[in-house]
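Student: Could you take me through one helix packing in close detail, and then turn to salt bridges? I would like one connected account, with the cut-offs given as we go.

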Amino acid sequence: GLLPDAYLDALFPEDRAARYDFATTDLAKPRTIVAEHEGVIRGFATTMPSRDPDTADHGELCALYVDPDDWSRGYGRSLIEAARRHLLDCGFRSAMLWMLEGNARTDRFYRADGWLPDGTRRTETMWGITVNELRYRCVLDQS
């Protein structure tokens, strides 16, 4: 209910996959980590240095998606842990992300992992759809 059904129905994984470089070692470029089981990709997380000027010292979790058929099976938890490790390995101690406003399930997931909204909001047009987003931040190494 957060994005129009017609928009979601027009998305094809093959189109999106062509945009990703899964082998890059350039720390300034997005890095995508996939979760797979029995040869099927169940979800992915994409990280990079923050693109926001006021959080230039943060890493960014650009995307975290798990196939809805695989929700509550640990893929999201595994992906966010791998994303944290990668951002820490890149030298970041804090991270940020943008979340669609009104996504209660995602809000619970991120809060359980230590992410909290920082009060920053934006309206963004992505792929022709205008959305309202909230920014969350977390400390990566909570030990």
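Tutor: Happy to! Angles under 35 degrees count as roughly parallel, over 145 as roughly antiparallel, 65 to 115 as roughly perpendicular and the rest as oblique. This is a predicted model, in which local features need pLDDT of at least 70 and side-chain atom pairs count only at pLDDT 80 or more, while totals for chains, interfaces and linings use all residues. Residues are numbered from 1 along each chain as its sequence is written, and side-chain values use heavy atoms, with hydrogens and water left out.

Let's start with α3 and α4, whose axes are 11 Å apart at an angle of about 50°. Axes here are lines fitted to C-alpha atoms, for helices over the stretch in contact, with angles from 0 to 180 degrees between N-to-C directions. Helices are DSSP runs (H or I, at least four residues), as are strands (E, at least two), numbered from the N terminus. The two helices are therefore oblique to each other. On the α3 side, Gly 76, Arg 77 and Ile 80 make the contact, and on the α4 side Phe 109, Tyr 110 and Ala 112; contact means heavy atoms within 4.5 Å.

Arg 77 leads us on from this packing, since Asp 113 forms a salt bridge with Arg 77, with the closest N and O atoms 3.1 Å apart. A salt bridge is a side-chain nitrogen of Lys or Arg within 4 Å of a carboxyl oxygen of Asp or Glu. Asp 113 sits in the loop between α4 (104-112) and β5 (116-126), and Arg 77 in helix α3 (residues 75-89), so this pair joins distant parts of the chain, 36 residues apart. Asp 113 also bridges to Arg 84, with closest N and O atoms 3.0 Å apart. Arg 84 is in helix α3 as well, and this pair is 29 residues apart.

How do the three partners differ in exposure? Asp 113 is buried at 12% relative accessibility, Arg 84 is buried at 10%, and Arg 77 is partly exposed at 30%. Buried means under 20% relative accessible area, exposed over 50%, and partly exposed in between (1.4 Å probe, protein chains only).

Finally, the wider picture: the whole structure holds 13 salt bridges. One of them joins the side chains of Arg 135 and Asp 54 at 2.9 Å, N to O. Arg 135 lies in strand β6 (residues 129-139) and Asp 54 in the loop between β2 (40-49) and β3 (59-66), so the pair ties together parts 81 residues apart in sequence. Arg 135 is buried, at 2% relative accessibility. Both residues belong to a salt-bridge network with Asp 52, Asp 118 and Arg 137.
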